[in-house]
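Hi everyone, thanks for making room for me today. Please bring the structure up on your screens, and let's walk through it together.

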Amino acid sequence: MEPESSLIKSVTETKVEQECPACGHRPLESIMAVLEIPMLGEGLETTLKCPVCGFKRADIILTEQSEPVRYTLEVESEEDVDTRVVRSTSGTIRIPELGITIEPGPASESFVSNIEGILMRVRDVLQGLEYEDEEMVRKRIDRIDEARKGSVRFTVILEDPYGNSAILSEKAKIEGLSQEEAKKLRKGEMEMEPG
Ligand SMILES: [Zn+2]
């Protein structure tokens with residue numbers, strides 16, 4: 001997902017002499033966007049794009065944070081669902097009440113989105129699984145739809161060992177992670193615990 005244009009301060013596009021990992025084409029297009037993020041200050045989003053096959057890799061670095069961090073937000077209203085989240089490729093997002101875990105991995109992307117946007121991503125993944133256990137999947141999609149409307153309370157936990165992710169809300173609790181906790185953060189792909 002592209003960051004909202006309202007956050008972008010400047011964009012620089014160049015070409016880099018690097019081979020596309022998917023099709024071998026070179027050069028790749030490099031897009032560097034300086035973001036002005038409310039409450040956090042500056043961020044840098046770098047995107048590498050292949051003009052031939054569409055391969056794309058993006059990441060976000062926050063210039064003012066670097067320590068392992070955990071954000072916790074209790075979502076209690078529709079307004080909370082609109083809270084913005086910055087997730088770099090090193091960020092782990094958990095929503096225990098909905099059985100959602102999004103972990104760093106080869107297929108994980110960085111994004112600036114709101115909580116509804118995160119729920120929509122998970123919803124899309126679930127829809128792709130519909131053939132597996134239709135009833136279970138439908139139940140979980142219904143639950144996510146209720147959560148999107150703010151009619152179900154849930155907790156969003158965001159952890160990042162490099163401090164490059166954040167929940168942008170005065171309500172969010174911010175804690176430092178110990179080295180031990182930071183080390184435990186796993187690499188993997190989007191996972192679904194049994195609902
Ligand atoms: Zn390519």
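I'll start with the chain as a whole, then go domain by domain, and finish with the core.

One thing before we go on: this is a predicted model, so please keep that in mind as you look.

Let's begin with the overall picture. The chain has four helices and 13 strands. Its radius of gyration is 17 Å, close to the 16 Å that the globule rule gives for 195 residues, so the chain is as compact as a globular protein of that length. If you lay the C-alpha trace along its principal axes, it spans about 50 × 40 × 35 Å. As for burial, 28% of the 195 residues count as buried. And here is a number about how the chain folds back on itself: take the contacts between residues at least 6 apart in sequence, and 66% of them join residues at least 24 apart.

Now, how is the chain divided? There is domain 1, residues 5-62, and domain 2, residues 69-192. Their centres, taken over C-alpha atoms, are separated by 23 Å. Where the two domains touch, eleven residues come from domain 1 and ten residues from domain 2. On the domain 1 side, strand 4, residues 56-62, gives the largest share of that contact, with five residues.

Let's stay with strand 4 for a moment and look at its sheet. Four strands form an open sheet in the order 1-2-3-4, and the pairing is antiparallel. Which strands stand at the edges? Strand 1 and strand 4 do. Each of those two has a single partner strand, so one side of each is left without a neighbour in the sheet. From one strand to the next, the twist in this sheet averages 15°. Zoom in on strand 3, residues 41-49, and you will find seven bridges joining it to strand 4. A nice pair to click on is Thr46, which stands opposite Asp59 in strand 4.

Before we leave this part, here's a small detail to find on your own screen. Pro27 is in the loop between strand 1 (8-16) and strand 2 (28-37). The peptide bond joining Arg26 and Pro27 is cis, with omega at about 0°.

Next, strand 5, residues 69-75. Five of its seven residues are buried, so strand 5 is largely enclosed by the rest of the structure. What does strand 5 pair with? One partner is strand 10, residues 154-160, in the antiparallel sense over seven bridges. Look for Val69 there, standing opposite Asp160 in strand 10. Strand 5 also pairs with strand 12, residues 173-176, antiparallel over four bridges. In that pairing, Tyr71 stands opposite Ile174 in strand 12.

There is also a three-stranded sheet to look at. It is open, in the order 9-6-11, with antiparallel pairing. Strand 9 (111-114) and strand 11 (166-168) are its edge strands, each pairing on one side only. The twist here averages 20° from one strand to the next. Strand 6, residues 84-87, pairs with strand 9 over four bridges, and Val86 stands opposite Val112 in strand 9. Now turn the model until you see helix 2, residues 115-128. Helix 2 lies across strand 6 and strand 9, and runs at about 105° to strand 9.

A quick stop at another helix. Val137 sits in helix 3, residues 134-148. Is Val137 buried or partly exposed? A residue needs 20 or more neighbouring C-beta atoms within 10 Å to count as buried. Val137 has 18 inside that distance, so it counts as partly exposed. Val137 and Arg123 are 14 residues apart in sequence, and their C-alpha atoms are 9.4 Å apart in space.

Finally, the core. The largest nonpolar core has 30 residues, and those with the most contacts inside it are Ile115, Val156 and Ile167. This core draws at least three residues from each of domain 1 and domain 2. Which residues does Ile167 touch? Leaving aside residues up to four places away in sequence, Ile167 touches Tyr71, Leu73, Thr83, Val85, Val156, Leu158 and Ala172. You've met Tyr71 already, opposite Ile174 in strand 12.

That's my tour, thanks for listening!

Terms used. Residues numbered from 1 in each chain as written. Predicted model: local features only at pLDDT ≥ 70, side-chain atom pairs only at ≥ 80, totals over all residues. Core = buried A, V, L, I, M, F, W, Y, C linked by C-beta atoms within 7 Å. Buried ≥ 20, exposed ≤ 12 C-beta atoms within 10 Å, placed from the backbone. Domains from an automatic or database assignment. Contact = placed C-beta atoms within 7 Å. Pairing = 2+ DSSP bridges. Axes fitted to C-alpha atoms, helices over the stretch in contact; angles between N-to-C directions. Rg over C-alpha atoms; globule rule 2.2 N^0.38 Å.
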